[in-house]
Amino acid sequence: MAKNTSLYFRIIEGRNLPAKDVSGTSDPYCLVRVDNEVVARTATVWRDLNPFWGEEYTLHLPMGFHNLSFYVMDEDTIGHDDVIGKISLNKEYIATHLRGIDNWINLTRINPDEEIQGEIHLGLEILQDQQTKVLKCHLIEARDLAPRDISGTSDPFARVVFNNKTAETATIKKTRFPHWNEVFEFELEDDKPMEDMMFTVEVWDWDMVGKNDFLGKIDFNLDALQKTQITRGWFRLLPFEKNEDDAGGKLGALRLKVRLAEDRILPSMYYQPLIDLLMESVISPSKSGATGCSSIRAAPPESSQAYDISLASAHSLNWVEDITPLTMLEEVTTVESRQDMAVTLVKMFLGQGLVVPFLDYLNMREVNKTTDPNTLFRSNSLASKAMEQFMKLVGMPYLHEVLRQVVNRIFDEKKYIELDPCKIDLNKIRRISFKGGPSEANVRECSQEMLKSYLTDVMDAIVSSVEQCPSVMRVAFKQLHKRVEEQFPEAENEDVKYLAISGFLFLRFFAPAILTPKLFGLRDHHADTRTGRTLLLIAKAVQSIGNLGLQLGHGKELWMTPLHPFILQSVSCVKDFLDKLIDIDNESATDLHQRLVFHPSVTIKEGYLHKRKAEGVNLVTRFTFKKRYFWLSSESLSYAKSSDWQNVNELNQWLSAIRKASIYNQRMLPSFHPGSYRSNRWTCCLHTDKTVQGCSRTHSAVTLGDWSDPLDPDVETQTVYKQLLQGREKLKKKYLESLDTGTVKEQGDRMDSDGIKEAGVEKSGSFHDQRMAAAAKLLDVVHDLERAHQVFESREKEQANEMSIP
């Protein structure tokens, strides 16, 4: 059993930020820290006091955390970046918001005394004989203290405070990893109660001139210590208690979304019944629920072909909405949770090799419920969200391969492009002759030509990418095409089967990636205003092409009319592309039933880093570092002198990728030396023994969630269980209102055995009884999982009570 902590946050935008530059603006970006470790950095928005980022992250923190902090910085090309302000949220505050935080929060000033980091290693013990009682404090060492001096280090000493008495350790110069190994003893008076007595250990940075700098503290309650007699270990340093001042909003605010999910992950055997029920919904819907007033149930399919026969048989009858665990799960998802649930389910079925039948099941339900083809997949249903997330999870490398080159060209050229007469600004056009500036007509004509050039590159890259598209995506689109064609066979609905696919592939995949390349990993920074406008115009045109030009001329943006001929000309190419895309045999999709989405040797991360050559204890020269292009996979870390394209990668993204690749490495070091061994000692902790254990912990826990994460069925199933647990009462009220909650299991078993024939063709009993049986089955599984969690929770409490350290 393991614990899993996931922290989701989205940095949406800022407002009313103060100007830090002489131009009267700022160049803001956000740094995100979890317990003083930088985990994310947004792109810089240049010259904007009301920046929009729209960047979201998911952090996986197996060891938990204490604080989440957002620092808003002003980027400077010369000198250090300026700090505008920060927002600090502790874990307890985030956890109280069960549905997450979604609000504007004012920035606060940076107080150096509150910028605390690091841990202290000490032991506390109460010694008692017949005459005296003594409190013994053994101050051993500290690690990862905040740097307070210009050299990037500190001169730390520790101070103990108890009963109006103080004592101090020696000062260790120029280190953030001091080793004191000093013992202090304080005599305890028998006549004084210990309930309210506190013992405090403070760490300070000694300064020759001025006052000493605070590095953190830790408080201990003597009453709790007396019960255990001894406390020993590493303790996190904390700041002085102080209410943060938001400066009345003078530093601006951030709009944030933050949500915390803490789960106890049970052994796999406990989740298998729920997984089986969900899989049964797809491979044998007539067994897991009611598929109509009558149905033909095929045997559980061993291949997608057998599965196809099963659903085709059901489809040939008058369709009535089936009741399966999947449909009931959709009933208890909210609009806010539907996207997360879609990601979870897609990962689950990917792990089981059944993602195409799963998507086909949802899509068939969605198509059969739709009477007007113009409204097909227009809502944010579970089917729509699942297809959208499926493309991101499986098709992101494909997207990068198709769009990266043209997106890089647009960013590099930075052309001024504008078609809207109301937005054309002739002052932004670079004058290239002495005959006067270009006219509005010249700007529109040049813009049309440049847009057609970019769109030609985009469409050529897309329509020639059939073989690059993952086969599992092609099979999913083939099934979707088939279901739509069966539902809308009329000649006037000929384009609907194309629109169903292009609506996902163009409108929800290619166009959003062109509009915001940063959010799809195509670029490391958001586009500037000029490039952003070009991307918007291209994305609009790609959307119109994806709509097969059916809405041209019906909108308000008539200034897009010059592009209509190109758009209409591209429609036939798109249809031809989609025909080729779905021209694939289901059985030839070799990756269709793999339990993993990605091949083990797939590249997880790539980009430029600096390779350092070890040269002993001599001074490091500039020739020691060489810029190389690195590739990281789950099997190796390799590099070369260059690559075909350049990409600047953030350090925290590299760290996250390396941690993912190393997660199963049993030989990972628990600690390391962040300094180097020079002049017969380590520069970090000043130890003279070259073989001494590292003075700093290795940070191996925090990873950034993204499309390349390995599948974890237990974690995904736990997420589904939590959603069902929240909606349990709703399901009981709807399906089991006539049943006593204590007899759910018995009633479900009776209905399953008496009302459904195992080998028969028809189901006896009423449709209502079958619905109740399906609900009873699902709720019984949820009940068993709830009991298992309670058992493990009680065991943890018993173990905690037996521990000597609180």
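In this predicted model, the side chains of glutamate 413 and arginine 409 come together in a salt bridge, with nitrogen and oxygen 3.1 Å apart. Both residues belong to helix α9, where four positions, or about one turn of the helix, separate them. Glutamate 413 has a relative accessibility of 33%, so it is classed as partly exposed. Arginine 409 is also partly exposed, because its relative accessibility is 23%, and the cut-off for a buried residue is under 20%.

This pair is one example from a longer list, as the structure holds 29 salt bridges. Another is formed by glutamate 115 and lysine 86, whose closest N and O atoms are 2.8 Å apart. Here the partners come from distant parts of the chain, 29 residues apart: glutamate 115 sits in the loop between β7 (101-106) and β8 (119-128), while lysine 86 is part of strand β6 (residues 82-90). Both glutamate 115 and lysine 86 are buried.

A further salt bridge connects arginine 259 with aspartate 340, at an N to O distance of 2.5 Å. Arginine 259 is in strand β16 (residues 253-265) and aspartate 340 is in helix α7 (residues 338-351), so this salt bridge ties together parts of the chain that lie 81 residues apart in sequence. With a relative accessibility of 28%, arginine 259 counts as partly exposed. Aspartate 340, with a relative accessible area of 32%, is partly exposed as well. Salt bridges can also join into a network, as they do for Glu13, Asp102, Arg255 and Lys257.

Strand β16 leads on to the sheet. Five strands make up an open sheet, arranged in the order β7-β16-β1-β4-β24 with antiparallel pairing. At the edges are β7 and β24 (703-704), each of which pairs on one side only. Strand β1 (residues 2-15) runs antiparallel to β16, and 13 bridges join the two. Strand β1 is also joined to β4 (residues 52-60), again antiparallel, by seven bridges. Isoleucine 11 offers a good way to see both pairings in the structure: it stands opposite leucine 256 in β16 and opposite glutamate 55 in β4. Glutamate 13, a member of the salt-bridge network described above, stands opposite phenylalanine 52 in β4. When following such a strand by eye, it helps to remember that side chains in a regular strand alternate between the two faces of the sheet.

Among the helices, α3 (residues 268-283) deserves a look. Its 16 residues reach 21 Å from the first C-alpha to the last, close to the 22 Å expected at 1.5 Å a residue. Helix α3 nevertheless has a kink of about 25 degrees, centred on leucine 274. Leucine 274 is one of the buried residues of α3, which also include Tyr271, Ile275, Leu277 and Leu278. Glu280 and Ser281 are on the list of buried residues too.

Tyrosine 271 is a residue of helix α3 with a relative accessible area of 0%, so it is buried. Beyond its neighbours up to four places away in sequence, tyrosine 271 touches Arg264, Ile265, Leu266, Asp714, Thr717, Gln718, Leu785 and His789. The C-alpha atom of tyrosine 271 is also separated by 9.0 Å from that of valine 781, although the two residues are 510 residues apart along the chain.

Three of these contacts lead to another helix: Asp714, Thr717 and Gln718, touched by tyrosine 271, are among the buried residues of α16. Helix α16 (residues 713-726) contains 14 residues and reaches 20 Å from its first C-alpha to its last, close to the expected 20 Å at 1.5 Å a residue. Its other buried residues include Val715, Val720, Tyr721 and Leu724.

A last stop is threonine 370, in the loop between α8 (355-369) and α9 (382-413). Threonine 370 is buried, because its relative accessible area is 8%, and a residue counts as buried under 20%. A polar atom of the threonine 370 side chain lies 2.7 Å from the backbone oxygen of glutamate 366. Leaving aside residues up to four places away in sequence, threonine 370 touches Thr375, Leu376, Gln487 and Phe488.

Notes. Residues numbered from 1 in each chain as written. Predicted model: local features only at pLDDT ≥ 70, side-chain atom pairs only at ≥ 80, totals over all residues. Heavy atoms only, no water. Buried < 20%, exposed > 50% of the residue type's maximum accessible area, 1.4 Å probe, protein only. Polar contact = N/O pair within 3.5 Å; in protein donor to acceptor, adjacent residues only side chain to side chain. Contact = heavy atoms within 4.5 Å. Expected span 1.5 Å × (residues − 1). Bend = angle between axes of the 7 residues up to and from the residue. Salt bridge = Lys/Arg side-chain N within 4 Å of Asp/Glu carboxyl O. Pairing = 2+ DSSP bridges.
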